[in-house]
Amino acid sequence: MIKRSKVSLWKVIHYGIKFNTKNFPFTFLCVNIVSFLFGMSQGFSTFMTQCFFESVEGVIAQNNSAGWTYLMLTALGLTLVANSLLGGLNNFLNYVMNGKTDGIMNQIIHKKIARINPVCLEDTKFHDDMEKANIAAGSVINFVNKGFFVLTFYLSYFLFMGFYLHHLKPQFVFAIALVFVPVLLTQLVRTCIIAKFQDKAAPINRESNHYYWVVAGGIYLKETRILGAYAYFFNKMIKTLKKLGKAEWEATVKTNLLELCTGFISAGGYGLIILMLVNALLADEITVGAFSAVFTSIGMLHSLMQDRECKLRLPSL
């Protein structure tokens with residue numbers, strides 16, 4: 001018998017850190033440094049956008065020369081170019097790490113299977129564990145890497161934006177939390193839902209794959225047809241597919257309802273920020289340049305958080 005124990009999230013994170021530092025420490029370090037600089041550049045681009053808009057206002061009011069505006073435009077352009085380069089470099093390094101991770105994790109799984117007592121191969125739970133391991137082999141490390149991206153990128157961004165917004169108006173710092181905290185919490189809860197779905201779906205998926213090879217695989221197809229067992233195994237496959245679809249539907253409904261609820265909170269916080277920005281602008285507490293810069297930056301990052309980097313979806317089984 002194989003000894004099984006539940007693995008906590010902290011053990012997964014610890015294993016991911018140990019795995020990365022052992023197999024590609026330099027790449028792992030570079031990814032996190034680039035992510036940190038990427039987040040800082042996102043925040044700095046907001047500040048440079050404000051400086052550019054204010055320089056244009058100065059030219060219109062005849063307080064600044066056109067040369068200063070062109071200088072600010074050049075600085076903003078260089079900031080955006082650096083931002084794009086850091087983003088592209090971050091994506092490339094993550095692509096390299098993900099490719100290496102998949103290869104190394106497959107080697108680890110096969111080596112462990114080679115050391116397993118052949119008696120364990122008669123245990124259906126052992127096959128379920130292998131199915132879950134094959135599904136989650138690379139996604140576990142990728143989840144840890146995404147977690148580090150969230151930590152390095154968004155931490156550096158929020159540190160910069162926190163000081164920046166506090167300088168403009170302290171209340172902006174509390175309002176921005178209403179936009180982004182629900183999104184981050186959603187990803188954490190989503191991870192738990194997906195983990196439960198994988199535990200429930202692994203044995204069903206393994207059974208479904210077996211029936212598929214019996215009714216459509218080249219090895220067993222002739223024998224199934226000769227024995228007249230095609231209809232029997234086909235009905236079995238349909239039943240398992242329905243179970244798998246039901247499990248995926250339940251997990252999808254939970255994640256979508258969670259997104260809907262937190263989306264209302266996030267949208268409310270986003271609307272509150274806009275309202276506060278408008279009121280501060282009308283009260284002459286901030287400039288038009290600051291309003292435009294903050295409005296653009298918050299909208300862009302909100303879309304980024306919801307649609308790109310830390311979005312975790314149900315795995316394709």
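**Aromatic pairs and helix packing**

At a relative accessibility of 29%, Tyr230 counts as partly exposed in this predicted model, and Phe234, with a relative accessible area of 32%, is likewise partly exposed. Both residues lie in helix 7, where 4 residues, or about one turn of the helix, separate Tyr230 from Phe234. The centres of the two rings are 5.8 Å apart and the planes stand at 15 degrees; because planes under 30 degrees apart count as stacked, the pair of Tyr230 and Phe234 is assigned to that class.

Helix 7 itself comprises 53 residues, from 230 to 282, and at 1.5 Å a residue a span of 78 Å is expected for it; the C-alpha atoms at its ends are 75 Å apart, which agrees with that expectation. Just after helix 7, a positive phi of about 65 degrees is found at Asp284.

Two packed helices are described by the angle between their axes and by the distance between those axes. For helix 2 (residues 25-60) and helix 3 (residues 66-115), the axes come within 8 Å and cross at roughly 160 degrees. Since angles over 145 degrees count as roughly antiparallel, helix 2 and helix 3 are therefore placed in that category with respect to each other. The crossing in which helix 2 passes helix 3 is left-handed, and the contact between helix 2 and helix 3, sorted by residue class, has 23 nonpolar, 13 polar and 1 charged residues.

Helix 2 also contributes to the aromatic contacts, for which the count in the model comes to 11 pairs. One of these aromatic pairs is formed by Phe38 and Phe153, with 4.9 Å from centre to centre and 45 degrees between the planes, an arrangement classed as tilted. This pair links distant parts of the chain, given that Phe38 belongs to helix 2 and Phe153 to helix 4 (residues 124-168), with the two residues 115 apart. Phe38 has a relative accessibility of 5% and Phe153 one of 0%; because buried means under 20% relative accessible area, Phe38 counts as buried, and Phe153 counts as buried as well. In addition, ring pairs join Phe44, Phe47, Phe160 and Tyr164 into a cluster.

How values were computed
Residues numbered from 1 in each chain as written. Predicted model: local features only at pLDDT ≥ 70, side-chain atom pairs only at ≥ 80, totals over all residues. Heavy atoms only, no water. Expected span 1.5 Å × (residues − 1). Axes fitted to C-alpha atoms, helices over the stretch in contact; angles between N-to-C directions. Parallel < 35°, antiparallel > 145°, perpendicular 65-115°, else oblique. Left-handed = near helix turned anticlockwise from the far one by under 90°. Nonpolar A, V, L, I, M, F, W, Y, C, P; charged D, E, K, R; others polar. Phe/Tyr/Trp six-rings, centres within 6.5 Å; stacked < 30°, edge-to-face > 60°. Buried < 20%, exposed > 50% of the residue type's maximum accessible area, 1.4 Å probe, protein only.
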